[in-house]
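Me: Could you walk me through this structure? I'm new to this, so let's take it step by step.

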Amino acid sequence: MNLEYYRRLELLKSLIILGENELLLAQVEKLEIEYKDQSVKEIADAVRRTAYGDVVKKVDLILQDSASIQHYEDPEIKALQIELRILEDRWADLQDKKSERERQLNVFHIRYQKELGDLISKLLYLRKEHLREETESDTSRQAEYEEAQNDYEEHQQVFDELKSKELPELNEEDLDDLKKCFREAAKLCHPDTAAEEIREKSADWFRKLTEAHQNHDLDAVKDILDKLKHGGSLPRESDFTNDKVRLRADIDRFRKKMTKMGKELEEIEGSESWQTIRELEDWDIYFEEKRDAILYEIENLRLKEVNQIPIESQ
């Protein structure tokens, strides 16, 4: 038997511990097609009977026997696997950086809407209505009115989505723990680094992990990490396949994805929101100043409505 056979058996064991029954059946069927062996037949029968204890025991015996056998490794395959592993690690670092940027932006946007969302709604509504009235006597302002109406509707959509969202307050120690646990768990289940055979299931794990991370749910992140660590980590592509064509395709895929990720990070770090976060020293002062500025604009628009002279800008 080749190395891929033993790796597939290790995968079966991990899937049992993680409780991924549907994926387990699919992998067993694939194993039966590729390897016409009595041991495989016995393992497949045990899986279908949900006798998972027997499956793990049988797999462990086969893996123990294989440990004493020296397997020839093609040096080109080994080199490709190492190259892919390096790319996977670099990709994981980039993904972690992006996820942390997105988490911080999520925290900022939620607080922004809670602190200012209602006032911004009032301001945009007044601006829209003021332009609507002016458009009735001056049709050249129709485009301005439509833009103001669109701004109001877009803001309301975001405000309605975020105004009731609550994030747990984390102290510095808990926040560091959240980042550390997320980073470790992401390396174990990210679909981009997972073996092709379990990529879809890895995406499910990573989606749950990302949601918990974004919501500051430290307990959920720790729970996912614990299951991945003690349930047998989902195999990485670089550790799983020894197919040269597949490895070369994976390397090419990662190089393209890293280029794309670099551009996405540049876009995030160049955004107005991220620049604001970077420059903020005191969030309370920032929101207080923004609130005062919006109230001032609202008052100016109301004065215009009654044909009074606007207040001098401060």
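Me: Let's start with Glu100. Which helix is Glu100 found in?

Reply: Keep in mind that this is a predicted model. Helix H5 covers residues 75–137, and Glu100 is found in H5.

Me: Is Glu100 buried or exposed?

Reply: Leaving out residues up to four places away in sequence, Glu100 touches Lys179 and His213. Buried means under 20% relative accessible area. Glu100 has 12% relative accessibility, so Glu100 counts as buried.

Me: How do H2 and H3 run, roughly parallel or roughly antiparallel?

Reply: Helix H2 is residues 21–34 and helix H3 is residues 38–48; their axes come within 10 Å and cross at roughly 155°. Angles over 145 degrees count as roughly antiparallel. That makes H2, relative to H3, roughly antiparallel.

Me: What classes of residue make the contact of H2 with H3?

Reply: On the H2 side, the contact includes Leu24, Leu25 and Glu29, while Val40, Ala44 and Arg48 are among those from H3. Sorted by class, this contact has no polar residues, 3 charged and 7 nonpolar.

Me: Which helix gives the largest share of the largest nonpolar core?

Reply: This core has 43 residues, and Tyr5, Leu9 and Ile198 are among those touching the most other members. Helices giving two or more residues to this core include H1 (3–18), H4 (52–67) and H7 (172–189). The largest share is 8 residues, and the helix giving them is H1.

Me: How many residues are in the second, separate core?

Reply: Leu105, Tyr112, Leu116 and Ile120 are included in this second core, and its size is 18 residues.

Technical notes
Residues are numbered from 1 along each chain as its sequence is written. This is a predicted model: local features need pLDDT of at least 70, side-chain atom pairs count only at pLDDT 80 or more; totals for chains, interfaces and linings use all residues. Side-chain values use heavy atoms; hydrogens and water are left out. Axes are lines fitted to C-alpha atoms, for helices over the stretch in contact, and angles run from 0 to 180 degrees between N-to-C directions. Helices (H or I, at least four residues) and strands (E, at least two) are DSSP runs, numbered from the N terminus. Angles under 35 degrees count as roughly parallel, over 145 as roughly antiparallel, 65 to 115 as roughly perpendicular and the rest as oblique. Contact means heavy atoms within 4.5 Å. Ala, Val, Leu, Ile, Met, Phe, Trp, Tyr, Cys and Pro count as nonpolar, Asp, Glu, Lys and Arg as charged, and the others, Gly among them, as polar. Buried means under 20% relative accessible area, exposed over 50%, partly exposed in between (1.4 Å probe, protein chains only). A nonpolar core is a set of buried Ala, Val, Leu, Ile, Met, Phe, Trp, Tyr and Cys residues joined through side-chain atoms within 4.5 Å.
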